[in-house]
Amino acid sequence: MNARKLLLPISWLYGIAVDTIGLLYDSGFKKAIPAPVRTVCVGNLTVGGTGKTPITEYLIDKLQSHGLKVAMLSRGYRRKTKGLQVATEHSTVYDIGDEPMQIHKRHPHIPIVVDGDRNRALNYIKQNMPDVNIVIMDDGMQHRSTIASEYILVCDYARPIYNDTLLPAGNLREHWSARRRANTIIVNKCPLNISEHEMSEIKRKLKLDDRQRLYFTGIEYQELIGSDCPTHKALAIAGIGRPAPFFEEIRRRYGSDTECIAYGDHHKFTDKELNTIKDKLDALGDESILICTEKDAQRLSNKIGSHSVCYLRIGLRILGGPSFDIVEI
């Protein structure tokens, strides 16, 4: 028996608390405030690893290509600062968080605001960034005090929400019935060769409304960033929610015996851990490299000892869905 199933009684209590909060908002007892600027919420129902960041980057590129002025709003998970922060050229991962920092490096010209209080941040954007006409709000599905214009729910292909249960026995932050709040559902991290039949089966199991759009997307691993010379000796690390696909790609490129080390999501590396990594790289040879995810790279220097720290850039491929794009422009 799965040990987590022993936690089902706690999950039931957690579910009562989640339902109570939802009822307070649905009844109007707790106030939910409409966003003062068009806001697209990219969120999930599960903890960690659904791949929201590549989707956010895809949306930024797509919306900008249509001439829209885009801003990003995030709570800045595990940053060391408090309150509202606006990304600048001097910002670090400790100021704004690793995922906002990743997007800031890729898109240095779009405003990025981090704040746990989404309503305060949206009002700040409205008042101080008048050119912005659309905000992408990261991870706001459970932030019921803010009413976004549109909701995009990102699900992990390998962890279907219809087969999951509430925390702590499962991975769901709230009941999977909360999918009804989403305008668009994206099943992400699908195999790039997913069949039409399998997509149809997933759609049937999700039991969506006619108004809801469903997309299937896959992650494409692209070029290696950070090393100019090819190498056959690599060590891989990942501090993300579900590292298995990343490690599969590393072993495909560098051999099935490549050592891969998993850490917790948004992991902050200690000096002891970095020394252990250095020792492992030294043992592999002078030209060996460390390969991490782009998110992890925000928390690491460019070198560990004499070894380059590299990351795999990733992109998003739409595999199935309506003829129009993820966000109607």
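Me: Which residues does I110 touch, not counting residues up to four places away in sequence?
Reply: Keep in mind that this is a predicted model. I110 sits in the loop between α4 (98-106) and β5 (112-114). One of its partners, M72, is 38 residues away in sequence, yet the two C-alpha atoms are 7.6 Å apart in space. Leaving out residues up to four places away in sequence, the ones I110 touches are I60, Q64, V70 and M72.

Me: Is I110 buried or exposed?
Reply: Let's go by the cut-off: buried means under 20% relative accessible area. I110 has 5% relative accessibility, so this loop residue counts as buried.

Me: How many disulfides does the model have?
Reply: A disulfide needs two cysteine sulfur atoms within 2.5 Å. Take C292, whose nearest cysteine sulfur belongs to C310 and is 8.0 Å away. Seen from C310, the closest cysteine sulfur is the one in C292, and that is too far for a bond. The count of disulfides comes to zero.

Me: What is the relative accessible area of C310, and is C310 buried or exposed?
Reply: Its neighbour in the last answer, C292, has 0% relative accessibility and counts as buried. For C310 the relative accessible area is 0%, so this cysteine is buried.

Me: Which residue meets K52 in a salt bridge?
Reply: Start with where the two partners lie: K52 is in helix α2 (residues 52-65), and the other one is in strand β6 (residues 134-138). The pair therefore ties together parts that are 86 residues apart in sequence. Both ends of this salt bridge are buried. With N and O 3.1 Å apart, the partner of K52 is D138.

Me: How many salt bridges are there in total?
Reply: K52 and D138 make one of them. Another joins R204 to E201, with the closest N and O atoms 2.8 Å apart. Counting by the salt-bridge rule, the number comes to 23.

Me: Why are R204 and E201 separated by about one helical turn?
Reply: R204 is exposed at 51% relative accessibility, while E201 is partly exposed at 27%. Both belong to helix α6 (residues 196-206). The separation is about one turn because, along that helix, they are three residues apart.

Me: Which residue forms a salt bridge with R253?
Reply: Look along helix α7 (residues 244-254), where the two partners lie four residues apart, about one turn of the helix. R253 is partly exposed at 32% relative accessibility, whereas its partner counts as buried at 12%. The closest N and O atoms are 2.7 Å apart, and the partner is E249.

Me: Which residues are joined into one network by salt bridges that share partners?
Reply: Here the salt bridges have partners in common, which links them up. The network consists of E57, R106 and E294.

Me: What is the volume of the largest pocket?
Reply: Several elements help to line this pocket: α2, α4, β10 (213-225), α7, α9 (294-297) and β15 (307-320) each supply at least two residues. The lining divides into eleven nonpolar, twelve polar and eleven charged residues. The volume of the largest pocket is about 610 Å³.

Me: Which lining residues are the closest to the centre of the largest pocket?
Reply: The pocket, with a volume of about 610 Å³, is lined by 34 residues. Of these, the closest to its centre are G51, T53, E99, I240 and K295.

Technical notes: Residues are numbered from 1 along each chain as its sequence is written. This is a predicted model: local features need pLDDT of at least 70, side-chain atom pairs count only at pLDDT 80 or more; totals for chains, interfaces and linings use all residues. Side-chain values use heavy atoms; hydrogens and water are left out. Buried means under 20% relative accessible area, exposed over 50%, partly exposed in between (1.4 Å probe, protein chains only). Contact means heavy atoms within 4.5 Å. A salt bridge is a side-chain nitrogen of Lys or Arg within 4 Å of a carboxyl oxygen of Asp or Glu. On a 1 Å grid over the protein atoms alone, a cavity is a set of points where a 1.4 Å probe fits but cannot get out, and a pocket is an open set with protein on both sides within 12 Å along at least five of seven lines; lining residues have an atom within 4 Å of a point. Grid points are joined across faces, edges and corners, and a volume is the space filled by probe spheres set on the points. Ala, Val, Leu, Ile, Met, Phe, Trp, Tyr, Cys and Pro count as nonpolar, Asp, Glu, Lys and Arg as charged, and the others, Gly among them, as polar.
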